[in-house]
Amino acid sequence: MLLLLLGIIVLHVAVLVLLFVATIVSQWIVGNGHATDLWQNCSTTSGNVQHCFSSSANEWLQSVQATMILSIIFSVLSLFLFFCQLFTLTKGGRFYITGIFQILAGLCVMSAASIYTVRHPEWHLDSAYSYGFAYILAWVAFPLALLSGVVYVILRKRE
């Protein structure tokens, strides 16, 4: 049982790290000395000087920012609730609340990545650019968060 709990916690922390990195790092779109994320657009000129400007104030980009932040909040809250329920839940009880918040985190990151994917061609038509690793990490965090949430819902507390 202890090994199972350790595995679940490691999976949850891995999801949290993926969510934080995907939200913070400026690598959602890369190419030709240019990197774009949810918060700023950066370009590297000759001499490795990097110039960064705030991202546009489009509603769709703000919704992506909001849902990524919500996914982090839900995942942190889920981890906190897991530890609270671990010590207060009666024997045989299930971690429903923890699982629901983790599933919500997965759905939020899926929504954010989906909106970003759909709206991407509207402002980016150059084939020299491609999706960066932070965008891919967001998509990787989605199934892992859902898996973690389902494991929490199925998990029963034992002594």
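## Close-up views of a predicted four-helix, five-strand model

**View 1. The whole chain at a glance.** Along the sequence, the protein runs α-β-β-β-β-α-α-β-α, which amounts to 4 helices and 5 strands (DSSP runs numbered from the N terminus, with at least four residues of H or I for a helix and at least two of E for a strand). This is a predicted model, in which local features need pLDDT of at least 70 and side-chain atom pairs count only at pLDDT 80 or more, while totals for chains, interfaces and linings use all residues. Residues are numbered from 1 along each chain as its sequence is written, and side-chain values use heavy atoms, with hydrogens and water left out. Taken along the principal axes, the C-alpha atoms fill a box of roughly 60 × 30 × 20 Å. Of the 159 residues, 39% count as buried (under 20% relative accessible area, with exposed over 50% and partly exposed in between, using a 1.4 Å probe and protein chains only). Among contacts (heavy atoms within 4.5 Å) with a separation of 6 or more, 71% come from residues 24 or more positions apart.

**View 2. Helix H1 and its buried histidine.** Helix H1 covers residues 2–24. Its 23 residues reach 33 Å from first C-alpha to last, close to the 33 Å expected at 1.5 Å a residue (the expected span is 1.5 Å times one less than the number of residues). Buried positions in H1 include Leu-5, Ile-8, His-12, Val-15 and Leu-19. Look at His-12 here: it counts as buried because its relative accessibility is 0%. Leaving out residues up to four places away in sequence, His-12 touches Ser-75, Ser-78, Leu-79, Gln-102, Ser-148 and Tyr-152.

**View 3. Met-68 and its many partners.** Met-68 sits in helix H2, residues 59–88. With a relative accessibility of 0%, Met-68 is therefore counted as buried. Its contacts, apart from residues up to four places away in sequence, are Leu-19, Ala-22, Thr-23, Trp-28, Leu-38, Val-109, Ala-112 and Ala-138. One of these, Leu-19, is 49 residues from Met-68 in sequence, and the two C-alpha atoms are 7.5 Å apart.

**View 4. The hairpin of S2 and S3.** Strand S2 (residues 34–36) pairs with strand S3 (residues 40–45) in the antiparallel sense, over 3 bridges (two strands pair if DSSP finds at least two bridges between them). The hairpin that joins S2 to S3 passes through 3 residues. To find your bearings, start at Ala-35, which stands opposite Cys-42 in S3.

**View 5. Met-110 on helix H3.** Met-110 belongs to helix H3, residues 96–123. Its relative accessible area is 27%, so Met-110 is partly exposed. Setting aside neighbours within four places in sequence, Met-110 is in contact with Trp-139 and Phe-142. Asn-48 is 62 residues from Met-110 in sequence and 34 Å from it in space, C-alpha to C-alpha.

**View 6. Helix H4 and its buried positions.** Helix H4 takes in residues 133–154. Its 22 residues should span 32 Å at 1.5 Å a residue, and the end C-alpha atoms are 32 Å apart, which agrees. Among the buried residues of H4 are Tyr-135, Ala-138, Ala-141, Phe-142, Ala-145, Ser-148, Gly-149 and Tyr-152. An α-helix has 3.6 residues a turn, so residues three or four places apart point the same way. Some of these names return from earlier views: Ala-138 touches Met-68, Phe-142 is in contact with Met-110, and both Ser-148 and Tyr-152 touch His-12.
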